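Hi,

Here is the structure I promised to pass on. Have a look at it first, and then read my notes below.

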Amino acid sequence: MNRTTLSLLAAVTSLAAVTGFAALTAPDGGAATGATAPARLPVERSSLLCPAPATSDLAETVYTSFTPGPGSGGGSATSGAVAELKPSVATLRGPAGGEKKDEAGEEDGADGAENDGSAKKPPSDKPVVTLKQPGKPVAAKASGSAAPALVGTATGGLAPGWTTQQTTVVSAGSGRGVLGVHCTAPDTDLWFPGASLAEDRQDYVHLTNPDDSGALVDIELYGKDGSLKSQLSDGIQVPAGASVPVLLSTLTTDPADDVTVHVTTRTGRVGAAVRGAGDEIGSDWLPASADPAGTLVLPGVPADATSVRLVAFAPGDDDAELKVRLAGATGTLNPAGAESLRVKSGMTASLEMKDVTKGEAGSILLSPAEGAPATGVVAALQVTRGKGDKQEIAYIPATAPVTERATAADNRAEGSVLSLAAPGATAQVRVTASAGTEGGSRAVKTYTVKGGTTLAVSPPVPAGLKGSYALTVEPQSGGPVHAARTLLLPQDGIQMFTVQTLPDDRGLVAVPAAEQDLSVLDD
């Protein structure tokens with residue numbers, strides 16, 4: 001008879017749930033056998049989705065794709081491996097709502113237009129970005145408002161830790177600014193605290209479906225008094241391989257300055273990101289918050305932030321009483337006038353923290369108030385640099401610690417700031433600067449991050465750098481580390497910038513030990 005252990009099935013099933021695909025192989029390439037401890041095996045397939053970058057004809061977008069090399073725990077064998085991002089089959093028009101134009105007169109494309117089945121077709125299905133080897137990033141450029149959403153897959157030795165950064169510069173108009181985002185894996189349940197339905201805001205949620213079958217998506221909005229009445233009851237259809245940008249103000253007539261967006265799927269999976277934009281504050285991407293938790297870390301608040309606004313939401317049945325602290329360069333403190341926040345169940349709460357960093361980069365730490373139970377919340381920061389008509393915003397969602405490795409793919413010779421936060425014990429962290437997209441050799445440096453502090457550094461730069469490069473962060477010892485990378489690209493007196501948090505890349509997955517030999521026996 002055929003005999004295959006249930007533990008093998010469970011291992012492969014759990015891997016597939018995390019990565020979308022997993023093949024069970026032994027570390028040396030041989031057959032997997034029984035073990036007394038979980039093995040750390042590289043994933044063999046990764047999926048990424050990038051939202052349509054902008055609706056302005058002035059937009060200039062750079063895609064940077066990277067897989068860590070062997071020296072950073074990445075794969076080395078690339079025979080038959082593929083890593084490429086292609087245009088989505090179509091960018092469809094979202095639910096009903098009038099088209100908007102920015103100050104430069106560009107139409108907001110498909111966003112917010114009537115749901116009449118029309119679509120903005122990509123010019124070609126050829127790959128926009130193709131990565132050929134681990135350890136060396138590649139970059140591609142796109143101009144104007146026609147750049148589509150991208151869907152992509154990496155296999156073999158290019159899959160573990162595959163990362164792609166999308167960086168867009170819009171020099172003028174209501175959507176002006178630097179818009180940066182990590183292309184994300186598809187999911188079924190995502191939280192975005194920090195969006196807005198204010199009169200001067202035009203916030204969209206972009207939904208991209210990587211699969212061969214359609215996805216049915218629900219979007220729930222929550223303000224300070226709870227759920228906002230939605231004008232949609234049947235969900236949003238996202239066809240196979242397509243992208244749908246949805247103007248949030250078309251989903252409800254209820255006004256709200258601070259909004260939490262909840263994206264779930266009834267069928268299928270989607271990648272999602274919120275693009276926040278205002279008439280005076282510029283624009284950037286708001287990624288999803290880490291999963292609800294009683295303790296959260298929001299790393300990488302710039303030293304020169306002129307305004308920091310915390311937005312949080314409690315999705316469970318209980319209210320959350322939160323203690324708010326700032327982990328700065330020398331230690332952790334309670335910011336004056338912003339030491340606590342109460343978040344009622346099912347409601348969005350906000351806290352204006354003003355210029356909380358006061359010249360020192362830091363991270364915001366959220367934990368239960370003294371005597372209060374740990375209640376799960378999601379949270380994000382809206383961070384402003386500059387004042388008046390020179391303002392620019394970025395978003396920092398709560399992010400999980402880097403357990404093994406994380407990467408920021410797009411860094412320049414100047415303008416990158418790496419923030420490492422150690423909310424608990426002191427930690428040692430190795431940072432690797434890859435070779436450049438057009439030349440240069442990698443550089444490695446190890447940092448010590450004292451417990452309860454945030455270390456903000458100009459990261460190592462590859463020797464002889466040409467083009468851009470990737471930064472890979474790997475904790476070596478000590479307590480948990482949360483990381484973020486800030487990219488500074490000032491233009492015309494405006495302090496344009498973007499911040500990307502660095503969650504673990506999940507390139508390695510623990511396979512539970514087998515209870516018996518995993519081989520298949522024929523009797």
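**What I found**

Let's start with a pair of strands: β23 (residues 307-313) and β27 run antiparallel and are joined by six bridges. If you want a spot to zoom in on there, try arginine 309, which stands opposite glutamate 352 in β27. Before you go further, please keep in mind that this is a predicted model.

Those two strands belong to an open sheet of four, in the order β27-β23-β29-β30, with antiparallel pairing. Which strands sit at the edges? They are β27 (348-354) and β30 (392-397), and each of them pairs on one side only. Going from one strand to the next, the twist averages 20°. As background, strands of a sheet pair through backbone hydrogen bonds, either parallel or antiparallel.

Next, the cysteines. How many disulfides does a search of the whole structure find? The answer is one. It joins cysteine 50 to cysteine 183, with an S to S distance of 2.0 Å. The pair links distant parts of the chain, as the two cysteines are 133 residues apart. Cysteine 50 is in strand β3 (residues 45-50), while cysteine 183 is in the loop between β12 (177-182) and β13 (189-195). The torsion about the S-S bond of these two is about 105°, so the disulfide is right-handed.

Are the two cysteines buried or exposed? Cysteine 50 has a relative accessible area of 0%, and cysteine 183 has 6%. The cut-off for buried is under 20%, so cysteine 50 counts as buried, and so does cysteine 183.

The last stop is arginine 176, in the loop between β11 (163-170) and β12. Its relative accessible area is 8%, so arginine 176 is buried too. What does its side chain reach? One partner is the backbone oxygen of glutamine 391, at 2.9 Å. Another is the backbone oxygen of glutamate 280, which lies 3.3 Å from a polar atom of the arginine 176 side chain.

Leaving out residues up to four places away in sequence, arginine 176 also has a list of contacts. Among them are Val170 and Ser171, the run Glu280, Ile281, Gly282 and Ser283, then Asp389, Gln391 and Glu392, and also Ile494 and Met496. When you open the model, I'd click on arginine 176 and look for glutamate 280 and glutamine 391 around it.

Cheers

Key: Residues numbered from 1 in each chain as written. Predicted model: local features only at pLDDT ≥ 70, side-chain atom pairs only at ≥ 80, totals over all residues. Heavy atoms only, no water. Disulfide = S-S within 2.5 Å. Buried < 20%, exposed > 50% of the residue type's maximum accessible area, 1.4 Å probe, protein only. Polar contact = N/O pair within 3.5 Å; in protein donor to acceptor, adjacent residues only side chain to side chain. Contact = heavy atoms within 4.5 Å. Pairing = 2+ DSSP bridges. Axes fitted to C-alpha atoms, helices over the stretch in contact; angles between N-to-C directions.
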